[in-house]
Amino acid sequence: NMNNFTTTFTFMFRNNLPVVDAEIEILTKNKTSKWFTSHIRLVKNNLINVIFNEIADYKNYKKVFFNLMEYFKDLGHSDKVIFVLYDGKNYQWTSNIFNLLEIPENENLLLDSSNILKKYILPEDIDKFNMIFDSLSAENPNMDVNYRIKTAKGNIKYLTTSLRFLNEYDGYFGFTNDRTTEHDAEEEALELQKNFNSISSNANIAVVQFKEGKYYYTPEIFNILEITPNNLVTETDIIKPYVIDEDDDNWVKFIDSLTPENPRLRKITTLLINSDKIKIIENVVEAEFDENNKMTNYIVFVRDITEEELTKQKALDLQENLDAVEEFSKIVFVTYQNGEYSWTDELFEILEIDYPNRVYDTKSNYIYNYTTPENINKIEQALKHLNLDNSVTIRYEVKTAKGNTKFLKSYLKLKKDNDNIIRLGFTQDIT
């Protein structure tokens, strides 16, 4: 803001500081923002020269990587699956990397220019590990490797790393899965299978960007659409021909509904693949607008959620591992911000709330409404220990809309977003 500029100018005059470089955000007349670099030079003791250079593309590039990291950040609670993101300069890891390597937590290592996994890889496996990183490119966008590490405590672990190249941004993201099942007890082996099924679904994500009349795709879009890989840059939307007729108009209206005040939306879309196969995708869209409120570009994170949705519809014949899929479908994700709740539809399934009673009352805590009186106090006591440095896990009992008793487990954490505190969490049916 202008106060920061005034402070900078005053500091330069008083201390005879010749040059200051900074990134600044400027608010336009229509309340959209633009990013610039500013080069501030002290010409004489009462004159300053400022040069601005717009860096919208660079900030857009950073937003893609930030959104990817946010999307998979909750994997930090997984015992088996680690998410990694490389933005062309630094590696970013989910916090469970410390548990995998059995090293003390060090926040500085979560964002670092070096790959912290490398020093723990067994010497006989290091060449094939390096090979996938050296080979990853637009021509080889998907790479997988199996290898072993020796942790800081001397334990041998068997890992699989799967990487996906982000062509336009010269970076990549991927998942490292701990597959040391031969050393696990039966319960740990089942947990590994559940995590593997979960990440198989989460890994099936594509990034689409629309900019200056062209669409830019990551290679995963061809897997989702089950088509032969082709040009990653097109002048037409390659997803649109697969959208079923009844969703086609809704998709156009959905894009048109994006505004500077509401630039981020989520939509579920049904696709018809190969004329006879239904696929369901989740689209999270974020748009940018110019000073005339005209949309200039948007980014879509596309995730194939067919298996999850078909599970809800009892399409059991399509599932190879029913137990794992049922476990995955019993998890509801909840956020609470500025006095309002949001949740995924699994909440209605868990609480056995049927249509037409599925009302999205964002002011209501649905879990509280169905929690038995003796468990309310347990939840309130646990919430007293919830803060930015401490997450909580609560096990309790509810009575569903149909009068059935269920046992739930909730994991909650707080996250700071600018000046706002957001409560994030998931609740699992462990009945």
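In what order do the six strands of the open sheet lie? The order is 12-11-10-15-14-13, with antiparallel pairing. Strands here are DSSP runs (E, at least two residues), as helices are (H or I, at least four), numbered from the N terminus; two strands pair if DSSP finds at least two bridges between them.

This is a predicted model, in which local features need pLDDT of at least 70 and side-chain atom pairs count only at pLDDT 80 or more, while totals for chains, interfaces and linings use all residues. Residues are numbered from 1 along each chain as its sequence is written, and side-chain values use heavy atoms, without hydrogens and water.

Select 233-234 and 264-273: these are strands 12 and 13, the edge strands, each paired on one side only. Add 277-289, strand 14, which pairs with strand 13 in the antiparallel sense over 10 bridges. Ile273 stands opposite Lys277 there.

Next, select 81-86, strand 4. Six of its six residues are buried (under 20% relative accessible area, 1.4 Å probe, protein chains only). Val81, Phe83 and Leu85 point one way, and Ile82, Val84 and Tyr86 the other. Show 171-178, strand 9, joined antiparallel to strand 4 by six bridges; Phe83 stands opposite Phe175. Then show 91-93, strand 5, which forms a hairpin with strand 4; Gly88 in the turn has a positive phi of about 95°. Leu85 stands opposite Gln92.

Finally, colour by pLDDT, the predictor's confidence in each residue from 0 to 100. The chain mean is 75. Among the elements, helix 9 (322-329) has the lowest mean, 40, and helix 3 (97-101) the highest, 90. Over residues 183-203 pLDDT stays under 50.

Methods. Contact = heavy atoms within 4.5 Å. Buried < 20%, exposed > 50% of the residue type's maximum accessible area, 1.4 Å probe, protein only.
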